[in-house]
Amino acid sequence: MIRAEGSRAPGRPASASPEDVLKAAARTFLAGKRLDVNAIATELGVARASIYRWFGSRDGLLGAAIVRQLERTVAYADRLTRATGSERLSEVLDRTIHLLVEDDSLRAYFDNESTAALRLITRGDGQVHQAAVATVEKLIEQAQAHGYRPPIDSATLAYALVRLWEAFLYNDAVAGFRGDVERLQTVQTALLRAHPNC
């Protein structure tokens, strides 16, 4: 009996888990290569239908891989910081911006898929945007626990900061990678300014 590419024999246990698939997708993304669900299915010996069941679509898998990389980038920036409160928040966000701009895999993604990349990363109801907001909000709340008083509520501030990143890092005119770090940091610093009564 001939089986479809990436499928497995009936009754045979799956040789890969959702985590294995996500790791493979992250490796592909970090290598600057186009994510191919069929190739990952074949590599791991898992049915394509399973991948789509776990992640919904190619964009779902790619989005999950980008979210994982973003969270690791923020965690790395956080580990490098010794400050506390508002100073720590500012340092982590500034370092994250620089790391994102220096990320060749992100730039390659925009070079290779342009408009699709912009849509996947900036859609308000998309997993990448929502995960970025949640990650930044968590940083703000950690800073608040050490005395920082944001000028607006943490959820709104996190949303505004992520939208700033999207506006200054990704050029919506040509759907390219912009990386306008200096002006982004200027506006971000102004937004992060602590409440005057703190």
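Begin by selecting Gly56 in this predicted model: this glycine follows helix α3 and has a positive phi, near 85°.

From Gly56, step back into α3 itself, which spans residues 48–55, and display the side chains of Ser50, Ile51 and Phe55, the buried residues of this helix. If you then turn the view so that you look down the axis of α3, these buried residues fall within an arc of 110°, so they line one face of the helix. Colour Ala49 and Arg53 next, and you will find them exposed on the other side of α3. To see what lies over the buried residues of α3, show the neighbouring helices, for the cover includes α1 (18–30), α2 (37–44) and α4 (58–79).

Which residues does Ile51 touch, once its neighbours within four places in sequence are left aside? Select Val21, Val37, Ile40, Ala41, Val46, Gly56 and Leu61, with which Ile51 is in contact; Gly56, where the tour began as the residue that follows α3, is thus met again here as one of these partners.

Keep Ile51, Ile40 and Leu61 on display, since the next stop is the largest nonpolar core, which has 58 residues and in which Ile40, Ile51 and Leu61 are those with the most contacts. The largest share of this core, nine residues, comes from α4, one of the helices that cover the buried residues of α3. As background to this stop, nonpolar side chains in soluble globular proteins tend to be buried together.

Now move to the aromatic rings, of which the structure holds two pairs. Select Phe29 and Tyr109, whose rings form an edge-to-face pair at 5.8 Å centre to centre, with 70° between the planes. Phe29 lies in helix α1 and Tyr109 in helix α6 (residues 104–122), so this pair ties together parts that are 80 residues apart in sequence. Are these two residues buried or exposed? Both Phe29 and Tyr109 are buried, and Tyr109 counts as buried because its relative accessibility is 6%, where the cut-off for buried is under 20%.

Add Phe110 to the selection to see the other pair, in which Tyr109 and Phe110 are again edge-to-face, at 6.1 Å centre to centre and with 70° between the planes. Phe110 has 2% relative accessibility and therefore counts as buried. With Phe29, Tyr109 and Phe110 shown together, you can trace how ring pairs link these residues into a cluster.

Definitions and conventions. Residues numbered from 1 in each chain as written. Heavy atoms only, no water. Buried < 20%, exposed > 50% of the residue type's maximum accessible area, 1.4 Å probe, protein only. Helix = DSSP H or I, 4+ residues; strand = E, 2+ residues; numbered from the N terminus. Arc of directions from axis to C-beta. Contact = heavy atoms within 4.5 Å. Core = buried A, V, L, I, M, F, W, Y, C linked by side-chain atoms within 4.5 Å. Phe/Tyr/Trp six-rings, centres within 6.5 Å; stacked < 30°, edge-to-face > 60°.
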